[in-house]
Structures are given as structure tokens and as C-alpha cells.
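Please keep the structure open in your viewer and follow the selections in the order given here.

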Amino acid sequence: MKTKITLLIALFFSLSFGFSQNEQECATKLSLMAEAAKAGNYEAAYPPFKWLRENCAKYNLAIYQYGEKILESFVETKEDKKTYILELTDMWNDRAEYFPSKTKAGKVMVDACILKYDNKDILGLTTQQLYDCFDNAYKTDKENFTSTKGLYLYFKLAVELYDAQKMTAQQLFDKYDDVAEKIEYEIEDNTRRLNKYIEKEEAGTPLTSRDEKYKKYHGQMIDAFGKVTAGIDSDLGTRANCDNLIPLYTKNFEANKDNAEWLQRALNKMYQKDCQEDPLFIKILDTKHNLQPTADSAYYLYVKTGEQKYLDQAISLQTDPLKKSNLVYRIALNFKKKGSYGQARQYFYETVKLNPSNKNPYMHVAEMYAKSANSCGTDSFNKRAVFWLAAQEANKAGNSSAAAKYNGLAPTKSEIFNKDMAGKSISIGCWIGRTVTVPSL
């Protein structure tokens, strides 16, 4: 609708206010192109589009909006695919040049890189040329480099260059960190937006259809970026193992001992790859924490020492709610892994308070309840009653299949009847310390 109104206004002013003959012709051609394109007749839309590109390139943004549809169609349907790929990428470059305030440079640059990657054999492009394309887009406009496919391909090409010995290990790890941090930012941004709708719902305010649309969109984007994280982790694989990391970081430590970013990234990578038992990890950790204490460095000190003061410091140093949520989640997972279920549950619930859109903690609590059923009940009935608690947590997580599984492990209706327990409350002991109400028959 906006594009149509813009076209009508352009045509009206060019014809009514004595604009030059060229401007009037621009408006006429623009109208012809738009009408044909809207009807899906791209063959008819192409000649006026070509004329506009050659004679009125700065006249109206609609030239590029409709031109994109025309050329993308031709890339899919024409035999001379290469010609239209090159024309489309050139058109994107012109749009960024002539309409910078109305163009997200990073987006169109990444779109062009993806198009080139998907047609690399036709275009005869090397891995280095493709990588340079994505790298230029990232460095030019990192903020609008938000394509999940683009981010994945950017790192995938870096891995290919490393395997071909055209990129050093340090360069590869740096690029991994660049992409991983960008993905983390995008996940946090979408999570903040998603939480606004969740908080609105929890406050009892019905969501509008527009709200529902954006709630679904942000949830999908979080999932999509999560898949990219899994993809780049898989591609990095054993290229970043302790045998590679320790010699590299040992070699580069002296040159970077005052570089807080390098130290933090080295710590993160060594921790992710289970290299924290090496003395180098402690050396880098002490250096980083003395130079610039952060929530991460404090948390690593807690993991190494078990001292509560470092855990408290980690939580206090992290002030961003979402980042704190991620930190608290890690703490909860660590307690769960050690079998400290009571402490784990405390931190899992705190995670949800900080980030309402993360329902995974409820599933962890459900799993801990289920694993503790045999040890926290006083008799067979009470032990199996713990599964009702597990089902409640699974329902909170939105996992109906898991809830059904846990309910299936709880006492049956006949057992409830024989025990005369319908509607009664059962106190579950040990670390669980909860009361569950037996379902009524």
C-alpha cells in the first residue's frame, strides 16, 4: 500500500507541477513497471525497469523494491541465470548507494553474498572470494548482519579456509567468537522482545493478533539462531580441542596478557572444550580476574575452587537480566550435574524469573523429581506420587508428552480408590519438600 501511494504521489507531482520531461517519463515508466510487477507479469515489467535503472536510478525506491522481485524471478526461471544474478547484486549495491537511509546495508550485502554462495559454481567463485564477501558485509554493517543462513555460511567458509591452510587457528577461533557473540546478541534481543508479550499475557492482558504474530516470530528466531549455534559448534568440532588450544594460547599469552577480550575468549574456549584442568587455564583466569573481574571469570573461579564468595561475586557482577539468567542457568545445571538437586531447583526457578520465555528449567526440575521418586517417598504409593509433581513441572514447560509420561508412572485410579486417597494431600520429604494433591476420581 505504501509503495502504491508513493507511486501515485510521484506521478501526480511530476505531471501537475511542471517537472521536466525526463521526470515525467520516469514517473510513467515507474507506473508501468509497478502495475506489471504487481500482476506478476515480470516479462512486461522488465523493460521499464531496465530503462529506469539506466535513466532514473535515483528517482524512487520503488524501482529497487519491484526490481528485486523481477530479478529474483528471473534468477529462478531464466536459462541465463548468471546474467540476472549479477544484475541483482549490482542493483542491491545501487540501492545501498542511492537510498542509504532506507536501506539496511548489512542485509542487502548478506543477501548478495548468499545468492553468490548458492550459485558459486555458475559464478566461478572461490572460497576466499565468498568469505571476503561475508566478511565485508560483517565489517561494514554488523548490526544488520542478522541472517541466520548468512552467519552460518560466514563461519563455514572460515573453516574451509582453515582446512585449506589459508587461515590460522587463531583467526579461526577469533571468527568463531565473532559469530558466536553476534548470535548471542540476536538471541538476547529476540528474547527481550518475546518476554514483553509473555509478561503481558501473565499480567492477564489478552494479546492482539499483531502481538501473537510477533510473539511467534521472536520465538522462531530464537530457535533459528540456536540451530546456527549448534551448526557452528559442530563445524568447529575437534579443530578447537585441548591439543590445539593449549599450545596456541601458551604461545600468544605474553602478547595478550593485558588484552581483556583475548583473555576472556581464551577462557571461554578452554572451558567449553574441558581444558580447565591445564595449569594454563588457571594462569589465564587469574590474569583476567585481576585485570578485569567479570561474572564469567568469577564463575570460573567458583568452578575451580568451590568457594561461595566467587559464586556470589559472579551473580552480583552480572547486572543484565538476560545475561544473569544465562549465568544462573549454568549454575543450576552444574548443581544438577553434581546431584545437588535442592540448590539446582532454586537456581532453575530464579532463571525463569529473570527470563520468563525460558521454560527449560521446568523440565530439569521435572527430571530431578522423577529421578528422586524412589528415594523421597515413604512407601510405594508415595514414591510414585512424586511423578505427579514431575508432571506438573513438565506442564509448566509446555511439554505435554513428558507430562503424560510422568502421569502414567503415578498411581492408577484403582490404586487411588483402593488406598482411599482421592483428593488427599501427600507430603513428599527429602530435598523435594513439596505437597502434592492426589487427583480426584
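**From the hairpin to the rings**

Begin by selecting Ser425, whose bridge partner in β2 is Thr437. This is a predicted model, in which local features need pLDDT of at least 70 and side-chain atom pairs count only at pLDDT 80 or more, while totals for chains, interfaces and linings use all residues. Residues are numbered from 1 along each chain as its sequence is written, and side-chain values use heavy atoms, with hydrogens and water left out.

Extend the selection to strand β1 (residues 425-428) and strand β2 (residues 434-437), which run antiparallel and are joined by 4 bridges; strands here are DSSP runs of E with at least two residues, helices runs of H or I with at least four, both numbered from the N terminus, and two strands pair if DSSP finds at least two bridges between them. The two strands form a hairpin with 5 residues between them, and Cys430 in the turn has a positive phi of about 45°.

Next, select Phe155 and Tyr176, an edge-to-face aromatic pair with 5.6 Å centre to centre and 70° between the planes. Rings of Phe, Tyr and Trp (its six-membered ring) pair if their centres lie within 6.5 Å, with planes under 30 degrees apart counted as stacked, over 60 as edge-to-face and the rest as tilted. Phe155 lies in helix α9 (residues 148-163) and Tyr176 in helix α10 (residues 169-202), so the pair ties together parts that are 21 residues apart in sequence.

Finally, select Tyr271, Phe281, Tyr299, Tyr300 and Tyr302, which form one aromatic cluster.
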